[in-house]
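Work through the following exercises with the sequence and the coordinates side by side, and try each task before reading its solution.

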Amino acid sequence: MTDTITRTVPVENTTNGKGTDLRNRTTPGAVLAAPESRGRTSIADSVVAQIAGMAAREVPGIYSLGAGMSRTLGAMRDHVPGAGTNFTRGVKVEVGERQAAVDLDVVVHYGVAILDIAAAARAHVIAEVERTTGLEVVEVNISVADVHLPEEEDQSAPDESRVK
């Protein structure tokens with residue numbers, strides 16, 4: 001059963017500037033809907049993708065998001081001054097009126113338990129998206145695209161002896 005609110009809204013200025021009298025917009029005894037049901041809120045797919053991407057990156061054991069060429073181009077873009085981080089790389093979402101589904105392409109650190117990381121990422125993404133958007137997350141599909149090896153960091157750093 002829903003609660004109904006019955007009230008008259010007082011209006012200081014009784015005209016809207018066009019001669020329309022606003023005093024009797026709500027009549028005594030009129031039933032008004034609760035404020036949260038007066039209107040509609042829609043959340044863009046890109047907003048949900050950013051929230052999911054940020055949440056996934058917060059999970060220990062996840063090195064980065066994205067797979068293949070998008071990860072390569074994203075890594076280059078991340079090194080451009082002022083370019084900022086693309087939190088939606090490796091994230092795909094489908095958003096309905098009340099529900100959302102998330103697909104993640106992740107790269108994990110070598111040596112972590114992949115199933116544990118996937119479960120932690122799934123739980124964290126669901127919690128953050130549901131908390132911030134109010135949408136029900138029906139699924140979070142995780143695809144492990146790569147494993148980041150410790151040697152990869154050493155090879156990607158420039159050889160300081162060659163730069164003078």
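**Exercise 1.** Which backbone oxygen does the side chain of R89 reach?

Solution. The model is a predicted one, and the search begins by placing the residue: R89 sits in the loop between α2 (68-78) and β4 (91-95). Following the side chain of R89 outwards then leads to the backbone oxygen of L65, at 3.3 Å.

**Exercise 2.** Decide whether R89 counts as buried or exposed.

Solution. The relative accessibility of R89 is 10%, and the cut-off for buried is under 20%. R89 therefore counts as buried. For the wider setting, buried residues make up 23% of the 164 residues in the protein chain.

**Exercise 3.** Describe how β4 is paired with β5 (residues 99-109).

Solution. Begin with the connection, a hairpin that joins β4 to β5 through 3 residues. Next establish the sense of the pairing, which is antiparallel and runs over 5 bridges. Finally, take V93 as a single position to check, and its bridge partner in β5 proves to be V102.

**Exercise 4.** Characterise the second largest pocket by its volume and its lining.

Solution. The space in this pocket comes to about 250 Å³. Its lining consists of 13 residues, and those nearest the centre are R40, T41, S42, E97 and R98. Sorting the lining by class gives 3 nonpolar, 6 polar and 4 charged residues.

**Exercise 5.** Set out the order of helices and strands in the protein chain.

Solution. Count the elements to obtain 4 helices and 6 strands, and then read along the sequence, where the pattern is β-β-α-β-α-β-β-α-β-α.

Conventions
Residues numbered from 1 in each chain as written. Predicted model: local features only at pLDDT ≥ 70, side-chain atom pairs only at ≥ 80, totals over all residues. Heavy atoms only, no water. Helix = DSSP H or I, 4+ residues; strand = E, 2+ residues; numbered from the N terminus. Buried < 20%, exposed > 50% of the residue type's maximum accessible area, 1.4 Å probe, protein only. Polar contact = N/O pair within 3.5 Å; in protein donor to acceptor, adjacent residues only side chain to side chain. Pairing = 2+ DSSP bridges. 1 Å grid on protein atoms, 1.4 Å probe; cavity = no way out; pocket = protein on both sides within 12 Å on 5 of 7 lines; lining within 4 Å. Points joined across faces, edges and corners; volume = space filled by probe spheres on them. Nonpolar A, V, L, I, M, F, W, Y, C, P; charged D, E, K, R; others polar.
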